[in-house]
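Open the model in your viewer and keep the selection tool at hand. The tour goes from one stop to the next, with a selection to make at each.

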Amino acid sequence: MISKVSRMSIYVGQDSADKVACTPYTRYDFPRDHVGFGRKSHHPQWPNCAKIAISFVINYEEGSERSVTNGDKQSENRLWEQSDKPPQIGERVLNPESDYDYGSRVGVWRLLGMFEKFEFPVTVYAIGQAFEKNPEVAEAFSKNGHEIASHGYRWVTYQGMTPELEKEYIVRQLESLKRTTGQYPVGWYYGALSPYSKALIHEVYEEKDIPLLYESDTYSDDIPFWVDVPAEKDSPDPKGMLMIPYSYDCNDVKFHAASGFSTGKDFTDYLKAAFDVLYEEGCEGKPKMMTVGLHCRITGKPGRAASIKEFLQYISSKPDIWVTTRRSIAEHYRQKFPYSRGHLV
């Protein structure tokens, strides 16, 4: 087993690097771990001796973005084709609305069809309100081996929200996905989470007696790992929380970032380079996982979809790869490496 070492502190002075004060943990605070698995890494023992596990994630958010029609004070200005334009306060802005609608009307079907043609399952990070507005999409992701994970009820920032209100949103999300998909999600990813989010997710799942197989709000590793849940500190039978890292670098959000991708070829080249490094490490006895994050209104556009098709063709030619859902990765880890308090695996 690999143990965890961490501490929590706040710098409180300007004149000395020694002025550091430790802060007390609460039931919401998951400590940071600066060490991880270390230089030796950890062998995940992927099925069939795979050299790499690959998780494709489609974020489905369209229809849940900020809009006065959704009761928000402003229009959406994140992750659309002109993200440099400021939001408008108290008014609808039709351009970003219709750009988002492209994702739910066209982009989602282009991406889903592409993956199904290659017979690769995907995990969808589903916003509850978005699924409510497009039941056909919810039904499609319920088939063909795909996984529906939670992405929150609204695609908004939860930072600054009270724990009480955020907990209401978590409960609403669970009940929403149960209605639209017939089941509760076993995995969760916020993205725009608050300091309370992970603890609240654990709390709600425990109260409702629903299995939470994994949480993905971390970018700190290339393989899954366990963390202790602060609320279980004195529990005689803790369950822990399995973290399956997500990725911001192998992610189409960088098409809308100043330092990101300009063309589909940029994205393809980056994905291939990332795959090659991780695949080589797997061949050397240190297998990893790779996550590729996609959005229907971004990579669902024709010129960018071509970059994903090329990458799918590229990895299809490689032996010993495991393209799978995050749920399957979680089930594998839980069977091979059950939780033990104070240990990563």
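**Stop 1: the cavity**

How many cavities of 30 Å³ or more does the structure hold? There is one. Keep in mind throughout that this is a predicted model. The space in the largest cavity comes to about 60 Å³. Twelve residues line this cavity, and those closest to its centre are Arg66, Ser67, Ser75, Glu76 and Glu97. Select these five residues and centre the view on them. Sorted by class, the lining of the largest cavity consists of six charged, three polar and three nonpolar residues.

**Stop 2: the second largest pocket**

Next, select Glu61, Leu79, Trp155, Gly191 and Tyr248. The second largest pocket holds about 260 Å³ of space. Its lining is made up of 18 residues, and the five you selected are the closest to the pocket's centre. What classes do the residues of this lining divide into? Ten are nonpolar, five are polar and three are charged.

**Stop 3: helices α4 and α5**

Now select residues 163-181, which form helix α4, and residues 197-208, which form helix α5. The two axes are 10 Å apart, and the helices pack at an angle of about 55 degrees. An angle between 35 and 65 degrees counts as oblique, so α4 and α5 are oblique to each other. Their crossing is right-handed.

Show the side chains where the two helices touch. On the α4 side the contact is made by Pro163, Glu166, Lys167, Ile170, Val171, Leu174 and Glu175. On the α5 side, look for Ser197, Leu200, Ile201, Glu203, Val204, Tyr205, Glu207 and Lys208. Colour the contact of α4 with α5 by class, and you should find eight nonpolar, six charged and one polar residue.

**Stop 4: helices α6 and α7**

Select residues 264-283 for helix α6 and residues 302-316 for helix α7. Their axes come within 8 Å and cross at roughly 25 degrees. Are the two helices roughly parallel or oblique? Because angles under 35 degrees count as roughly parallel, α6 is roughly parallel to α7. The crossing of α6 and α7 is right-handed.

From α6, pick out Gly264, Phe267, Thr268, Leu271, Lys272, Phe275 and Asp276. These meet Gly303, Ser307, Ile308, Glu310, Phe311, Tyr314 and Ile315 in α7. The contact of α6 with α7 has seven nonpolar, four polar and three charged residues.

**Stop 5: helices α1 and α7**

Keep α7 selected and add helix α1, residues 94-117. The axes of α1 and α7 come within 10 Å, crossing at roughly 20 degrees. This pair is therefore roughly parallel as well, and α1 passes α7 in a right-handed crossing.

Which residues make the contact? From α1 they are Tyr102, Arg110, Met114 and Phe115, and from α7 they are Pro302, Ala305, Ile308, Lys309 and Leu312. By class, the contact of α1 with α7 has seven nonpolar and two charged residues, and no polar ones. Finish by selecting Ile308 in α7, which takes part in the contact with α6 and also in the contact with α1.

Note on methods: Residues numbered from 1 in each chain as written. Predicted model: local features only at pLDDT ≥ 70, side-chain atom pairs only at ≥ 80, totals over all residues. Heavy atoms only, no water. Axes fitted to C-alpha atoms, helices over the stretch in contact; angles between N-to-C directions. Helix = DSSP H or I, 4+ residues; strand = E, 2+ residues; numbered from the N terminus. Parallel < 35°, antiparallel > 145°, perpendicular 65-115°, else oblique. Left-handed = near helix turned anticlockwise from the far one by under 90°. Contact = heavy atoms within 4.5 Å. Nonpolar A, V, L, I, M, F, W, Y, C, P; charged D, E, K, R; others polar. 1 Å grid on protein atoms, 1.4 Å probe; cavity = no way out; pocket = protein on both sides within 12 Å on 5 of 7 lines; lining within 4 Å. Points joined across faces, edges and corners; volume = space filled by probe spheres on them.
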